[in-house]
Amino acid sequence: MKRQDLIQHVESHGCRLLREGGNHSVYYSPDKNLTSAIPRHREINEFLARKICRDLGIPAL
């Protein structure tokens, strides 16, 4: 899956960018108080995308 598609999905569920790391972008879910890191690769594995959604407490794609 494309990184940009995952970011749009995460942001559409109310998550916000917390900070930019060296190789990752850290997103924060304010309503559930959860965080997860999204790597800066063009393509993100489907399993990793599901894990990021689970970590943020949002439905998977």
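## Salt bridges, helix α1 and the nonpolar core

Asp55 and Lys51 form a salt bridge, with their closest N and O atoms 2.4 Å apart; the term stands for a side-chain nitrogen of Lys or Arg within 4 Å of a carboxyl oxygen of Asp or Glu. The two residues are four residues apart in helix α2, and so about one helical turn separates them. Helices (H or I, at least four residues) and strands (E, at least two) are DSSP runs, numbered from the N terminus.

This is a predicted model, in which local features need pLDDT of at least 70 and side-chain atom pairs count only at pLDDT 80 or more, while totals for chains, interfaces and linings use all residues. Residues are numbered from 1 along each chain as its sequence is written, and side-chain values use heavy atoms, with hydrogens and water left out.

A search of the whole structure gives four salt bridges. Three of them are tabulated with the relative accessible area of each partner, where buried means under 20%, exposed over 50% and partly exposed in between (1.4 Å probe, protein chains only).

| Pair | N to O distance | Acidic partner | Basic partner |
|---|---|---|---|
| Asp55 and Lys51 | 2.4 Å | Asp55, 26%, partly exposed | Lys51, 38%, partly exposed |
| Glu43 and Lys2 | 3.1 Å | Glu43, 44%, partly exposed | Lys2, 47%, partly exposed |
| Asp31 and Lys32 | 3.6 Å | Asp31, 58%, exposed | Lys32, 42%, partly exposed |

Glu43 forms its salt bridge with Lys2. Because Glu43 lies in the loop between β3 and α2, and Lys2 in the segment before α1, this pair ties together parts that are 41 residues apart in sequence.

Helix α1 spans residues 3-12, and its buried residues are Arg3, Leu6, Ile7, His9 and Val10. Viewed down the axis of α1, these buried residues fall within an arc of 160 degrees, so they line one face of the helix; the arc is taken over the directions from the helix axis to the C-beta atoms. Their cover includes β2 (24-29), β3 (34-39) and α2 (46-56). Gly14, which follows α1, has a positive phi, near 95 degrees.

Apart from neighbours within four places in sequence, Ile7 is in contact (heavy atoms within 4.5 Å) with Tyr27 and Ile38. Ile7, Tyr27 and Ile38 are among the 12 residues of the largest nonpolar core, a set of buried Ala, Val, Leu, Ile, Met, Phe, Trp, Tyr and Cys residues joined through side-chain atoms within 4.5 Å. At least two residues of this core come from each of α1 and α2. Helix α2 supplies the largest share, four residues.
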